[in-house]
Protein chains: 2
Amino acid sequence: MTHEFVPDVVISRLPWYLQILNHMAKEGLHTVSSSMLADRMGSSAAQVRKDLSFFGEFGKQGTGYSIYLLIDQLQKILNLDQIWQVVIVGVGDLGRALVRYQGFANRGIEIAYVFDNHPNIVGTRVGSFTVRHVNSMVADIRETGIKIAILTVPSDAAQATADCLVEAGIKAILSYAPVALMLPKDIHVQYIDPVLRLQRMMYYLGDN
Amino acid sequence: MTHEFVPDVVISRLPWYLQILNHMAKEGLHTVSSSMLADRMGSSAAQVRKDLSFFGEFGKQGTGYSIYLLIDQLQKILNLDQIWQVVIVGVGDLGRALVRYQGFANRGIEIAYVFDNHPNIVGTRVGSFTVRHVNSMVADIRETGIKIAILTVPSDAAQATADCLVEAGIKAILSYAPVALMLPKDIHVQYIDPVLRLQRMMYYLGDN
């Protein structure tokens, strides 16, 4: 399978398919039609078939997709047949919520280290972690070869922290700081900003 | 201006343009070229021009866009020339982080009520709010006519809570619960799930 020409918007939907399929498997289903998947995705059956066709022939006309086969294939495509270690940088309310979040463990993600720079926070326990000082961050990441970081520092510290992470060898950053990071082209960045998502819906709500 | 045929993927980028333009205005800039915008967006100048062309002629060949004019227009398009009240349902770590989040106020969003159902949480203060019991949620929302909710309840409570919100008149839900909600077609739903964003990047990271 070559994935070189798969549009990023298709890639962005694959984790979502995987999650829905895992729910369906838990519900005891074995096969699923493209229209059932489309219903849960809020898209169309044609869209589902087109998305999945990038990665080979998963389904059969009339019988639908094998849920287990599709889960297995999607996990391979997304490189989820391994555990990915991540670091969390910034232990405010949000960082704390993420450290305690139960949804990582069974979905291929393991928190390895948690960093902050505040003397009142460094050395404290959050969940099962002791918060480390950012001074050791570059060395810690280099030593372990971790590639993924979650950035939950204040906006005005985000760029400098991201620069350090890149220096340490991080290749993918999930940032909660509402600022656009300027980073080398080979670094993957995703932003989570509730305001952008809310504003997007406001377009459709029209005048209040 | 008619916006009926604007693809949702374009709409999803408008809040992001607005945010970048606001930063540029703070930096003291007055005009911006499509390629400067593209740089900060991580897209192309052609993409920027195409996105903005849906909403009229903002820029002039050679001189770029007026930042203030563009901010003003984007705010109108996104219905941000008013304050939108929201409710937050679920006061765990994440709900607490959102209640205290400083980024809503100056971006058109105001938290009106915060709800939970746990006796240890209902009645406590979080930030400047007293947590209300979900029993009063439907009545509170109906009375105020609020249209937007942020859902931070556990996964197994998400669907039932969303159903109540819709019954109360909510039209847009930002859900942090990692489950697909089944709701009427006229309800707008956005999901924030850090795992989906991380998995999307793992596709590009290849084998560890």
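## A guided tour of the predicted model

Begin in chain B and select B:L37. Leaving out residues up to four places away in sequence, the residues that B:L37 touches are B:Y17, B:I20, B:L21, B:V32, B:V48, B:L52, B:Y65 and B:L70. Display these together with B:L37 before widening the view.

The wider setting is the largest nonpolar core, which holds 154 residues. Within that core, the members that touch the most others are A:L37, A:L165, B:L37 and B:L165. Colour these four leucines to mark them in both chains.

A word on confidence is appropriate here, as this is a predicted model. The scores are ipTM 0.91 and pTM 0.85. For chain A, the mean pLDDT is 90, with 95% of residues at 70 or more.

Next, select A:L165, already marked as a core member, and show helix 6 (residues 137-144) and helix 7 (residues 155-168) of chain A. The axes of these two helices lie 8 Å apart, and the packing angle is about 35°. The crossing of helix 6 and helix 7 of chain A is right-handed. On the helix 6 side, select A:M137, A:V138, A:I141 and A:R142; on the helix 7 side, select A:T161, A:C164, A:L165, A:E167 and A:A168. By class, the residues of this contact comprise six nonpolar, one polar and two charged.

Move now to A:N79, located in the loop between helix 4 (67-77) and strand 4 (84-89) of chain A. What is the sign of phi at A:N79, which is not a glycine? The phi of A:N79 is positive, at about 60°. The relative accessible area of A:N79 is 8%, so the residue is buried.

Select B:N79 in chain B for the corresponding view. B:N79 is placed in the loop between helix 4 (67-77) and strand 4 (84-89) of chain B. Its phi is also positive, near 60°, in a residue other than glycine. B:N79 counts as buried because its relative accessibility is 7%, and the cut-off for burial is under 20%.

The last stop is A:L174, in strand 10 (residues 172-175) of chain A. Is A:L174 buried or exposed? With a relative accessibility of 0%, A:L174 counts as buried. Which residues are in contact with A:L174, leaving aside neighbours within four places in sequence? In chain A they are A:A149, A:I150, A:L151, A:Q190 and A:I192; from chain B come B:P194, B:R197, B:L198 and B:M201. To finish, draw a distance between the C-alpha atoms of A:L174 and A:L94: these residues are 80 apart along the chain, and the separation is 13 Å.

Methods
Residues numbered from 1 in each chain as written. Chains lettered and ligands numbered in written order. Predicted model: local features only at pLDDT ≥ 70, side-chain atom pairs only at ≥ 80, totals over all residues. Heavy atoms only, no water. Axes fitted to C-alpha atoms, helices over the stretch in contact; angles between N-to-C directions. Helix = DSSP H or I, 4+ residues; strand = E, 2+ residues; numbered from the N terminus. Left-handed = near helix turned anticlockwise from the far one by under 90°. Contact = heavy atoms within 4.5 Å. Nonpolar A, V, L, I, M, F, W, Y, C, P; charged D, E, K, R; others polar. pLDDT = per-residue confidence, 0-100. Core = buried A, V, L, I, M, F, W, Y, C linked by side-chain atoms within 4.5 Å. Buried < 20%, exposed > 50% of the residue type's maximum accessible area, 1.4 Å probe, protein only.
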